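Work through the following exercises with the sequence and the model side by side. Each task is followed by a solution that goes step by step.

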Amino acid sequence: MRRVRRDGIKLFHLVYWHGALTALVANSVHKFPIKYNPLNLSAVYLELPGGEHVIVPLRDKRRPAITSSSTTMP
């Protein structure tokens with residue numbers, strides 16, 4: 001559960017933002033359910049009150065994708 005703030009959604013010291021969040025900023029006292037893939041933190045999924053989900057990417061587009069690789073070292 002996270003609040004949507006003016007600068008975005010903060011999770012694991014990362015900030016996520018999407019233009020669709022602007023309408024939710026005014027209601028910043030309400031917390032929304034956030035879902036994420038622990039193997040790929042390049043985006044989170046915000047659940048709206050109607051049950052729909054919005055994919056919210058990292059705010060800083062310069063950051064490389066944060067993923068877990070399944071390759072093994074030789």
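**Exercise 1.** Does phenylalanine 12 count as buried, partly exposed or exposed, and what is its relative accessibility?

Solution. The model is a predicted one, in which local features need pLDDT of at least 70 and side-chain atom pairs count only at pLDDT 80 or more, while totals for chains, interfaces and linings use all residues. Residues are numbered from 1 along each chain as its sequence is written, and side-chain values use heavy atoms, with hydrogens and water left out. Buried means under 20% relative accessible area, exposed over 50%, and partly exposed in between, with a 1.4 Å probe and protein chains only. Phenylalanine 12 has a relative accessibility of 44% and therefore counts as partly exposed.

**Exercise 2.** Which residue forms an aromatic pair with phenylalanine 12, and what is the geometry of the pair?

Solution. Begin with the criterion: rings of Phe, Tyr and Trp (its six-membered ring) pair if their centres lie within 6.5 Å, and planes under 30 degrees apart count as stacked, over 60 as edge-to-face and the rest as tilted. The structure holds 1 aromatic pair. Its members are phenylalanine 12 and tyrosine 36, at 5.1 Å centre to centre and with 80 degrees between the planes, which is edge-to-face. Because phenylalanine 12 lies in the loop between strand E2 (9-11) and strand E3 (14-16), whereas tyrosine 36 lies in strand E5, the pair ties together parts that are 24 residues apart in sequence. Tyrosine 36, with 38% relative accessibility, also counts as partly exposed.

**Exercise 3.** Describe the secondary structure of the chain, and then assemble the sheet that contains E6.

Solution. Helices (H or I, at least four residues) and strands (E, at least two) are DSSP runs, numbered from the N terminus. On this basis the protein chain has 1 helix and 7 strands, in the sequence pattern β-β-β-α-β-β-β-β.

Next, take the pairings, bearing in mind that two strands pair if DSSP finds at least two bridges between them. Strand E5 (residues 34-37) and strand E6 (residues 40-47) run antiparallel and are joined by 4 bridges, forming a hairpin with 2 residues between them. Within this pairing, isoleucine 34 has leucine 46 as its bridge partner, and lysine 35 stands opposite tyrosine 45. E6 is also antiparallel to strand E7 (residues 53-57), over 5 bridges, with glutamate 47 opposite histidine 53. The hairpin of E6 and E7 has 5 residues between the strands, and glycine 51 in its turn has a positive phi of about 95 degrees.

Finally, put the pairings together: the result is an open sheet of 3 strands in the order E5-E6-E7, with antiparallel pairing. E5 and E7 stand at the edges with a single partner strand each, so one side of each is left without a neighbour in the sheet.

**Exercise 4.** Serine 42 or alanine 43: which is buried and which is partly exposed?

Solution. Serine 42 has its place in strand E6, and alanine 43 lies in that strand too. With a relative accessible area of 25%, serine 42 is partly exposed, whereas alanine 43, at 14% relative accessibility, counts as buried.

For the surroundings of serine 42, note a polar contact of 2.6 Å between its side chain and that of asparagine 40; such a contact is a pair of N or O atoms within 3.5 Å, where within protein one must be able to donate a hydrogen and the other to accept it, and residues adjacent in sequence count only if both atoms are side-chain atoms. For alanine 43, use contact in the sense of heavy atoms within 4.5 Å. Apart from neighbours within four places in sequence, alanine 43 is in contact with Tyr16, Ile55, Val56 and Pro57. The C-alpha atoms of alanine 43 and proline 57 are separated by 4.1 Å, although the two residues are 14 residues apart along the chain.

**Exercise 5.** Which residues of the largest nonpolar core touch the most other members?

Solution. A nonpolar core is a set of buried Ala, Val, Leu, Ile, Met, Phe, Trp, Tyr and Cys residues joined through side-chain atoms within 4.5 Å. The largest has 15 residues, of which Val4, Ile9, Tyr16, Leu21, Leu46 and Val56 touch the most other members. E2, E3, E6 and E7 each supply at least two residues of this core, and E6 gives the most, with 3 residues.
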